[in-house]
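Reader: I am new to this structure and would like a close look at a single part. Please take the place where two helices pack against each other, and then the loops around it.

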Amino acid sequence: MYDAMLAETIKMIGHNDDEIEAYTARPLGPGPYGGVVVIHHMPGFDQATKEIVRRFAVHGYLTICPNLHYRAAPGASPDDASAATRDAGGVPDDRLVGDVAGAARWLRSQTSSNGKVGTIGYCSGGRQSFLAACSLPLDAAVDCYGGFVVREMPKDIPYPPVRPLLDLAPQLSCPLLGLFGAEDKYPSPEETAELENALSKAGKAYEFHTYPGAGHAFFSVDRPAYRPEAAKDGWQRIFDWFGRYLGG
Amino acid sequence: MCTYMTYRAEMAGSAKGPRGWFPVTQANVYVDHPFDAPYEHTLNIDFADPARGPAARVAVELTEESALALIEAIKAALAEAPPGLASAAAQAASAASA
């Protein structure tokens, strides 16, 4: 089986026609391949996220991860860029949607694309994956423990850059897979049940799994929250989901 | 979770980063995932001068216990010194009257 792939940092056109950095990995066969936009977490465009990008390419997806922190600190290390973005007030929701739209355009423009694109995000990226799927025409989405989709943030904090997204549920454009930890507090099982209820009422296709014994960030192999059983099952479900909705 | 919540304090002083000493103009304080510390969440402080670029930053990622111990140590050190000894305002006033 031919399994060559190419992984590299590129420039892509994001929100507001800004040129931003992105990391991409894609199989080098003729395709046609589905596309995946990986949305990184708050710590940034880091090695762990890039490994996830390569993992999707190994499984036969054209994959791209826009650097959501690029504008605040072009060329900076991921941790410095993340800190600079935090200092600038975070990633605005409209900019996120524009950057994911640009990443989806890039994927669909590849000659080996089958035209289908899904999103996946972890932590803050989980919320953003849901946001993108409610704002753009997509074919599949995965939300891995995205917080503040349901819950309001406290009003008295200095930088309140995110709002709850529950009201967007009727606009969800594609099937949504949700993977959560039963021990997580952000989002808590009560919050994910509320999201599930909103999706059900809106007649949307979704599948949620909440893993006992797992908390937030259970996919993170380089963090103490890593839970191999939940992560292994979760990866299987992710590839089943994308296989079903992004396959040729 | 990613808390998003950041508290900022204006600073006057210096910090030593990867390119040497630089003036610290602000500290951003937040509880969130660390980049390096082997914990799920930590109290993080970025001592920075944004005008000098993103690398003008000294970052610490501390457990809650460490952060509280640091607060107590700072308070103890200041209490031990004569009042106003490290105060910018007091030193400016002293220079003006000299």
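Author: What follows describes one helix pair in chain A and then several loop residues of that chain.

This is a predicted model, in which local features need pLDDT of at least 70 and side-chain atom pairs count only at pLDDT 80 or more, while totals for chains, interfaces and linings use all residues. Residues are numbered from 1 along each chain as its sequence is written, and chains are lettered from A and ligands numbered from 1 in the order in which they are written.

Helices (H or I, at least four residues) and strands (E, at least two) are DSSP runs, numbered from the N terminus. In chain A, helix 3 (residues 93-108) packs on helix 4 (residues 124-135) at an angle of about 70 degrees, and their axes are 10 Å apart. Helix 3 of chain A is therefore roughly perpendicular to helix 4 of chain A; angles of 65 to 115 degrees count as such, under 35 as roughly parallel, over 145 as roughly antiparallel and the rest as oblique. The axes are lines fitted to C-alpha atoms over the stretch in contact, and angles run from 0 to 180 degrees between N-to-C directions.

On the helix 3 side, A:D93, A:L96, A:V97 and A:V100 meet A:Q128, A:L131, A:A132 and A:S135 of helix 4. Two residues are in contact if their C-beta atoms, placed from the backbone, lie within 7 Å. The residues of this contact divide into five nonpolar, two polar and one charged. Here Ala, Val, Leu, Ile, Met, Phe, Trp, Tyr, Cys and Pro count as nonpolar, Asp, Glu, Lys and Arg as charged, and the others, Gly among them, as polar.

The loop between strand 5 (113-122) and helix 4 of chain A holds A:C123. Its phi is near 60 degrees, a positive value in a residue other than glycine. A:C123 is buried, because 25 other C-beta atoms lie within 10 Å; the cut-offs are 20 or more for buried, 12 or fewer for exposed, and partly exposed in between.

A:D17, in the loop between strand 1 (5-13) and strand 2 of chain A, also has a positive phi of about 60 degrees although it is not a glycine. A:D17 counts as exposed, with 8 C-beta neighbours inside 10 Å.

Two further loops contain cis peptide bonds. One runs from A:G31 to A:P32, with omega near 0 degrees, and A:P32 sits in the loop between strand 2 (19-27) and strand 3 (33-39) of chain A. The other runs from A:Y186 to A:P187, with omega near 15 degrees.
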